[in-house]
Amino acid sequence: MGFVLGNSMYRPCSQASFTLLPGPHDGRRIPITVSLVNPPSGITAAPIQTNSDADGAQFVVDIANLDGNYQLTAVAESPGYPSVEVPLFVFVTCWPDVNCATCLTPSGTACTTDADCTMADSPICDPSFHVCRLCYENTECAPHGDGRALCQRLSGGDIYDSGQCVECLTSSDCIGRRKTCDTMVGTCAQCTANEQCASGQCDVASGECADPSTLVYVGRSTYGQSCTGPGSGTLTDPFCTLSDGLAYGASVGKTVVVWTNNYEEKIVIAPAAGQSYRVSAVGVGVGQPEIASPGGTVVVDVRLGNAQLVDVSLENFYIRLGTDGVSCQGGATPSAAKISVKRSNVSSNHIGVHTVGCDVTLDRDTIEDNNSGVLLESSDFTLTNLLVADNGAPGYDASLYGGITATGTSARASLTSSTIVFNRLKSGATNSAGVACVPGMTFVDNVVVGNQGGAPEVDIATCAPQYSSFVGAGSANGNQDLTNCGADATAIESALFVSAFNYRPKSGGLAPCTLVGLGTAAGAPTVTIDGKLRPAPPSIGCYEP
């Protein structure tokens, strides 16, 4: 004698039924009684009488008003045969409602239309079983007319799959309301970052996404999707080249949104005589849009010439493979030629950033693996939250300027909360491999370590450092002298930073061989290079632990 109980067939919130299938037997018709063995409180099942050759008899387990999963045991008994026990698994089927008494409708009765199903977790009246259930497709949600016209079971990817009728599945569904989509709950919500908005721009102060009609677009918002061009600069018909987008953005006075892609082109901005040219471009998407110059020329080439004004702002780009990564050629009045680079990576160029007679702002940038880092000639500048690392090598003729070199005179010159580490000059060079300052320059909350070649890493007389860490700093003006923090640069690096090439300050050290909490908040930025809020007092350098 034998029997098998097949998979359960559910009746929402009340019962689970198991199908009796024939098991091995000796060909005789044997009466069988099936019942539960010691069920937990609240679960019952009426014994059934059947036969060993039965096929399709139902054994029903009552689970009304319970939630959770249960492993039960059923026993089959026949006169003259040993009893047989079989495990049963019962799963309550009205998830996500934790109270099965309300799984049908709020009143506990069967539904006739979706209007009877007022619970967000079960918005659809099943036309066959007349119970409230999850949605399966958009067409079930659209007739509700309450703005929740999308079914959150169609989304896929990383979007929460709740089976509810919702306002949105992606940020594109909220574009008309100037919001992003909170995909966990399926509602349009305020934004906190550009990447959250279908338009690519978020006003963090107001939490509003920008209206796409106020912006100019370059590239496709879906990474890897081809751009056929030439484009008109709209969200649905973007320009395919940065040069076209920047030129049009400057002509109409709109910010240029550049979706992540690889842009192999030389960007030349050289307005005609007497003209004024202003443009702001922001990279948006997964990672950073990459600008690489074909043929190893200047990547971003800004020239004032005889124009009245040129003002260029770039944010969140990866700029590489040029003679200069970013070049600005101004004139006698630096304020006439402005270049701002923020939240960007400038690497693998001969010189990362090179300006002559310009007004320069660098903020939250990584400038690494160039032959020389930053060269500012007769320029006004504000440098904040920079990581300038691993530029130059002793054998490279182009390694003339180390980490940061400022020359000439400047009406405004400051370097704050930056990390300048392991930059190298070519053999025989006489500049500083770390930081070369101009007179009157502000130098606060900076760490300068492991830079090799030329003059001392930091010229104390010219730089007048405050609250900064480097070998030979002394203890005046809040500085931390790293001379005794290790036998060589590698040992000092180990004392200060989390690990090699990870320049976050290591916690737990003691002054002067630590960076944590030894800076000054006066004039310091409120966030780090990676956007982390700074405490007071802040750490020295561009990072917090």
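These are my notes on the pockets, the cavity, some disulfides and one exposed residue of a predicted model.

**Entry 1. Largest pocket**

I began with the open space. The largest pocket holds about 460 Å³. I listed its lining and got 24 residues, of which Ser 171, Glu 195, Cys 197, Ser 221 and Trp 259 are the closest to the pocket centre. I then sorted the lining of this pocket by class and found eleven nonpolar, ten polar and three charged residues.

**Entry 2. Enclosed space**

Next I looked for closed voids. How many cavities of 30 Å³ or more does the structure hold? I found one. The volume of the largest cavity is about 50 Å³. I noted its lining as Leu 242, Leu 246, Ile 267, Ile 269, Ile 291, Val 300, Val 312, Leu 314 and Phe 317. Which elements supply at least two residues each to this lining? They are α2 (242–252), β19 (267–269) and β23 (309–315). By class, the lining of the largest cavity has nine nonpolar residues, no polar ones and no charged ones.

**Entry 3. Disulfides, overall**

I searched the whole structure for disulfides and recorded ten. I wrote up three of them below.

**Entry 4. Cys 168 and Cys 181**

I find a disulfide between Cys 168 and Cys 181, with the sulfurs 2.2 Å apart. The torsion about the S-S bond in this link is 85°, and the link is right-handed. Cys 168 sits in the loop between β11 (165–166) and β12 (180–182), while Cys 181 is in strand β12; the two are 13 residues apart, and the pair links distant parts of the chain. Are the two ends buried or exposed? Cys 168 counts as buried because its relative accessibility is 0%. Cys 181, at 11%, counts as buried too.

**Entry 5. Cys 191 and Cys 202**

I find another disulfide joining Cys 191 to Cys 202, at an S to S distance of 2.1 Å. Its S-S torsion is about 95°, so I entered this disulfide as right-handed. Cys 191 lies in the loop between β13 (187–189) and β14 (202–203) and Cys 202 in strand β14, so the pair ties together parts eleven residues apart in sequence. I noted Cys 191 as buried because its relative accessible area is 3%. Cys 202 has a relative accessible area of 12% and is likewise buried.

**Entry 6. Cys 227 and Cys 240**

I looked up the link of Cys 227 to Cys 240, where the sulfurs are 2.0 Å apart. Which hand does this disulfide have? The torsion about its S-S bond is about -90°, so the disulfide is left-handed. Both Cys 227 and Cys 240 lie in the loop between β16 (215–218) and α2, so the pair ties together parts 13 residues apart in sequence. I entered Cys 227 as partly exposed because its relative accessibility is 26%. Cys 240, at 21%, also counts as partly exposed. The cut-off for buried is under 20%, so neither value falls in that class.

**Entry 7. Ala 536 and Cys 542**

I ended with two residues further along the chain. Ala 536 is in the segment after β43 (502–505). Why does Ala 536 count as exposed? Its relative accessibility is 68%, and exposed means over 50%. I also checked Ala 536 against Leu 518: their C-alpha atoms are 9.5 Å apart in space, and the residues are 18 apart in sequence. Cys 542 is buried, with a relative accessible area of 0%.

Terms used
Residues are numbered from 1 along each chain as its sequence is written. This is a predicted model: local features need pLDDT of at least 70, side-chain atom pairs count only at pLDDT 80 or more; totals for chains, interfaces and linings use all residues. Side-chain values use heavy atoms; hydrogens and water are left out. On a 1 Å grid over the protein atoms alone, a cavity is a set of points where a 1.4 Å probe fits but cannot get out, and a pocket is an open set with protein on both sides within 12 Å along at least five of seven lines; lining residues have an atom within 4 Å of a point. Grid points are joined across faces, edges and corners, and a volume is the space filled by probe spheres set on the points. Ala, Val, Leu, Ile, Met, Phe, Trp, Tyr, Cys and Pro count as nonpolar, Asp, Glu, Lys and Arg as charged, and the others, Gly among them, as polar. Helices (H or I, at least four residues) and strands (E, at least two) are DSSP runs, numbered from the N terminus. Buried means under 20% relative accessible area, exposed over 50%, partly exposed in between (1.4 Å probe, protein chains only). A disulfide is a pair of cysteine sulfur atoms within 2.5 Å.
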